[in-house]
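This report concerns a single protein chain and how its parts are held together. The reader is invited to keep the sequence and the model in view while reading.

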Amino acid sequence: MRTTSENPPSIANHSNRLKSIDLVLRLSVIPLTAVSIWLTVTNKQDSSVYGMLEFKNLIGLKYMVCINTISAGYSIVAIVASWLKCLLTKAWVFFVSDQVVAYLTVTSVAAVVEILYLGYNGDTQVSWSEACSTYGSFCSRVKMALVLHGIALFCFIFLSLISAYRVFTKFEPPLLSKDLNEDGN
């Protein structure tokens, strides 16, 4: 394992830039998820033909709200933890946590994309008609929430890459079998 005394000054400067990017991404996730939650939770539309449609009627939207809440909460905890020196040495904790939140966000994006697809196109094989012509405002707000949620997903993808870089740069690269043969001869 490398020690910090072995790292040249450019590595320390690079590390500070990564820490700044990490902080900006984590701070960006909080308002993105908060607005996405607000757009989803306050979303409802009434139709004289079909009745009231609310986010509570669609389990995929409830799932997205839960994942947005987890994402925002995790971002806050990670920001606070990044200032605690004892947790900075545990880069693998951030690596695993960033991966988990990114994967959860992917699943919730997929769920909402499916809802919107069915809302706009329906599924004639199972007798589902499209609903967005009737509930246009509802569908538009879900699309906006999905866009914000998607941006938060990209933030977590980049955070996962940064945390992976931090974990794996702490170790020397593995020796190739060719290197082992040369050392042994």
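The paragraphs below treat the overall architecture, a helix crossing, the salt bridges, selected residues and a surface patch.

**Overall architecture**

The structure is a predicted model. The protein contains six helices and two strands. Read from the N terminus, the order of these elements is α-β-β-α-α-α-α-α. Of the 185 residues, 35% count as buried. The exposed area of the protein is about 11500 Å², and 68% of it is supplied by carbon and sulfur atoms. Among the contacts with a separation of 6 or more, 78% are accounted for by residues 24 or more positions apart.

**The crossing of α2 and α5**

Helix α2 spans residues 59-82 and helix α5 spans residues 136-168; their axes come within 11 Å and cross at roughly 35°. The crossing of these two helices is left-handed. On the α2 side, the residues that take part are Leu61, Met64, Ile67, Asn68, Ser71, Tyr74 and Ser75, and they meet Phe138, Val142, Ala145, His149 and Phe156 of α5.

**The salt bridges**

Side chains of opposite charge can pair when their charged atoms come close. The structure holds three salt bridges, which are listed in the table.

| Acidic residue | Basic residue | Closest N and O atoms |
|---|---|---|
| Asp22 | Arg26 | 2.8 Å |
| Asp22 | Arg166 | 3.6 Å |
| Asp98 | Arg26 | 2.9 Å |

Asp22 and Arg26 form a salt bridge within helix α1, which covers residues 9-41. Because the two residues are four residues apart in this helix, about one helical turn separates them. Both Asp22 and Arg26 are buried.

The salt bridge between Asp22 and Arg166 has its closest N and O atoms 3.6 Å apart. This pair links distant parts of the chain, with Asp22 in helix α1 and Arg166 in helix α5, 144 residues apart. How do the two partners stand in accessibility, buried or partly exposed? Asp22 has a relative accessible area of 5% and is therefore buried, whereas Arg166, at 25% relative accessibility, counts as partly exposed. The cut-off behind this assignment is that buried means under 20% relative accessible area.

Asp98 and Arg26 meet through their side chains at 2.9 Å, N to O. Asp98 belongs to helix α4 and Arg26 to helix α1, so this salt bridge ties together parts that are 72 residues apart in sequence. Asp98 is buried, as is Arg26. Through shared partners, the salt bridges join Asp22, Arg26, Asp98 and Arg166 into one network.

**Residues in contact with the network**

Which residues does Leu159 contact, leaving aside its neighbours within four places in sequence? They are Asp22, Leu25, Arg26 and Asp98. Leu159 is found in helix α5 and counts as buried, with 0% relative accessibility. Its C-alpha atom is separated by 8.8 Å from that of Ala102, and these two residues are 57 residues apart along the chain.

Ser75, in helix α2, also has a relative accessible area of 0% and is buried. Not counting residues up to four places away in sequence, Ser75 touches Arg26, Val29, Ile30 and Phe156. Ser75 and Phe156 are also among the residues listed for the meeting of α2 and α5.

**Lys143 and a nonpolar surface patch**

Lys143 is found in helix α5 and is partly exposed, with a relative accessible area of 38%. When residues up to four places away in sequence are not counted, Lys143 touches Leu116 and Tyr120. The C-alpha atoms of Lys143 and Val113 are separated by 8.7 Å, and the two residues are 30 residues apart along the chain.

Trp92, Val93, Val96 and Val100 make a nonpolar surface patch of about 360 Å². Val100 is found in helix α4, which comprises residues 91-121. With a relative accessible area of 43%, Val100 is partly exposed.

Key: Residues are numbered from 1 along each chain as its sequence is written. This is a predicted model: local features need pLDDT of at least 70, side-chain atom pairs count only at pLDDT 80 or more; totals for chains, interfaces and linings use all residues. Side-chain values use heavy atoms; hydrogens and water are left out. Patches are made of residues with over 30% relative accessible area and no salt bridge: like charges are joined within 9 Å, nonpolar side chains (Val, Leu, Ile, Met, Phe, Trp, Tyr) within 5 Å. Accessible areas come from the Shrake-Rupley method with a 1.4 Å probe; for residues, only the protein chains shown count as cover. A salt bridge is a side-chain nitrogen of Lys or Arg within 4 Å of a carboxyl oxygen of Asp or Glu. Buried means under 20% relative accessible area, exposed over 50%, partly exposed in between (1.4 Å probe, protein chains only). Axes are lines fitted to C-alpha atoms, for helices over the stretch in contact, and angles run from 0 to 180 degrees between N-to-C directions. A crossing is left-handed if the near helix is turned anticlockwise from the far one by less than a right angle, and right-handed if clockwise. Contact means heavy atoms within 4.5 Å.
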